[in-house]
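Visitor: I am new to this structure and would be grateful for a guided tour. May I put some questions about its helices, its interior and its charged pairs?

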Amino acid sequence: MSRCIECGQEVPRLINPDTQTVEHCDACDSSVDLYFEFNSLHLWIDMILLQRRAWIHILYNSNKTIKHYLQGACISCFLEAFVSRSKLVITKRSATPELESIQIVKIAESPISSYMNYTHTLPTLFVFSASESIFILSMLIWFGKHFEPKGGLYKNVIERWVKAACIATNVKMFYALFLVWVIPLSALQIVDYIYFIWLFRAVSVMVLGKSVYFSVLHVAILSLLVGCRIFFRYVTEWSPQII
């Protein structure tokens, strides 16, 4: 069910069908979702700033389908595979300071471009990246199935947690900036940290309004998710723990 972005209270509908205006929340007397009156840029800025209102809108009230978020997650996994391969080769074979980045132009002009072997390595790395995301997604779905309120539609529960996982994965699109601009390899870690922060924010919104027990539990489940990723990369060795 949809929620008021101000107080988190469940609401029967977001838009009044007669006036085509945003409904008011009976609990807090605010507009249930002002993002329907704003443009997308405003929403994404608030989302990046971890505003709770923006995350409630995306997870509960947005009209975008799961397919939209899954497409973004697939692109993110491909970028992660490209970054992992590029960093591995540059770290092992580059002895020149100017190649301490993964800018595509510099890689193409450097002698180590022949070692990248993207055609043969990217498909395998993409499978590993996607499998890792699916592994974490399965843990989120398990969490959502067991701790969502009783009586909710199972399909809606699954969709929300899939959306949460995909949104966190989509942060890896920031890797595209490293392909265009000269940014030090050490800065790649920032994207990984933001991924965990977004995952933390998504889960915190999903347990909105729950007891202190759930607040502690959501920290525990996030620790479990981090542990799952560390375990997956330890077993497969497809990528460093923190890129």
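Guide: Certainly; please bear in mind that this is a predicted model. One residue to look at early is aspartate 29, found in the segment before α1, which spans residues 40–48.

Visitor: Is aspartate 29 buried or exposed?

Guide: Aspartate 29 is not a glycine, although its phi is positive, at about 60°. The cut-off for the exposed class is over 50% relative accessible area. Aspartate 29 has 60%, so it counts as exposed.

Visitor: Where is leucine 50 found?

Guide: Leucine 50 also has a positive phi, of about 65°, although it is not a glycine. With a relative accessible area of 29%, leucine 50 is partly exposed. Its place is the loop between α1 and α2 (52–61).

Visitor: How many helices does the protein chain contain?

Guide: From the N terminus on, the elements run α-α-α-α-α-α-α-α-α-α. The chain has 0 strands, and its helices number 10.

Visitor: What percentage of the residues of the protein chain count as buried?

Guide: The chain exposes about 12800 Å², with carbon and sulfur atoms supplying 64% of that area. Residues are called buried when their relative accessible area is under 20%. Of the 243 residues, the share that counts as buried is 48%.

Visitor: Why is α2 described as largely enclosed by the rest of the structure?

Guide: The buried residues of α2 are Ala54, Trp55, Ile56, His57, Ile58, Leu59, Tyr60 and Asn61. The helix is largely enclosed because, of its 10 residues, the number buried is 8.

Visitor: Which helix gives the most to the largest nonpolar core?

Guide: The largest nonpolar core has 41 residues, and those with the most contacts inside it are Trp55, Leu59, Ile167 and Leu199. At least two residues of this core come from each of α1, α2, α3 (66–93), α6 (118–147), α7 (154–170), α9 (188–206) and α10 (212–236). The helix that gives the most, with 9 residues, is α7.

Visitor: From which domains does this core draw at least three residues each?

Guide: In soluble globular proteins, nonpolar side chains tend to be buried together. The largest nonpolar core here comprises 41 residues. It draws at least three residues from each of domain 1 (1–63) and domain 2 (64–236).

Visitor: Which residues does tryptophan 55 touch, not counting residues up to four places away in sequence?

Guide: Tryptophan 55 is one of the residues with the most contacts inside the largest core, and it is among the buried residues of α2. With those sequence neighbours set aside, tryptophan 55 touches Met47, Leu50, Ile167, Trp198, Arg201, Ala202 and Val205.

Visitor: How far apart are the C-alpha atoms of glutamine 103 and alanine 176?

Guide: Glutamine 103 lies in the loop between α3 and α4 (104–109), and its relative accessibility of 13% means that it counts as buried. Leaving aside neighbours within four places in sequence, glutamine 103 is in contact with Phe178, Leu179, Val180, Trp181 and Val182. Glutamine 103 and alanine 176 are 73 residues apart along the chain, and their C-alpha atoms are separated by 9.3 Å.

Visitor: Which residues make the nonpolar surface patch of about 480 Å²?

Guide: Leucine 177, in helix α8 (residues 175–180), is one of them. At 37% relative accessibility, leucine 177 counts as partly exposed. The patch is made by Ile48, Phe174, Leu177, Val180 and Trp181.

Visitor: How many residues apart in sequence are the parts tied together by arginine 53 and glutamate 6?

Guide: Arginine 53 forms a salt bridge with glutamate 6, the closest N and O atoms being 3.2 Å apart. Because arginine 53 lies in helix α2 and glutamate 6 in the segment before α1, the parts that the pair ties together are separated in sequence by 47 residues.

Visitor: Which residues are joined into one network by salt bridges that share partners?

Guide: One salt bridge links glutamate 80 with lysine 172, the closest N and O atoms being 3.1 Å apart. Glutamate 80 lies in helix α3 and lysine 172 in the loop between α7 and α8, so the pair ties together parts that are 92 residues apart in sequence. Glutamate 80 is buried, with a relative accessible area of 0%, and lysine 172 is buried at 1%. The network joins Glu80, Glu132, Lys172 and Arg233.

Note on methods: Residues numbered from 1 in each chain as written. Predicted model: local features only at pLDDT ≥ 70, side-chain atom pairs only at ≥ 80, totals over all residues. Heavy atoms only, no water. Helix = DSSP H or I, 4+ residues; strand = E, 2+ residues; numbered from the N terminus. Buried < 20%, exposed > 50% of the residue type's maximum accessible area, 1.4 Å probe, protein only. Patch = residues over 30% accessible without salt bridge, like charges linked within 9 Å, V, L, I, M, F, W, Y side chains within 5 Å. Areas by Shrake-Rupley, 256 points an atom, 1.4 Å probe, with all protein chains shown as cover. Salt bridge = Lys/Arg side-chain N within 4 Å of Asp/Glu carboxyl O. Core = buried A, V, L, I, M, F, W, Y, C linked by side-chain atoms within 4.5 Å. Domains from an automatic or database assignment. Contact = heavy atoms within 4.5 Å.
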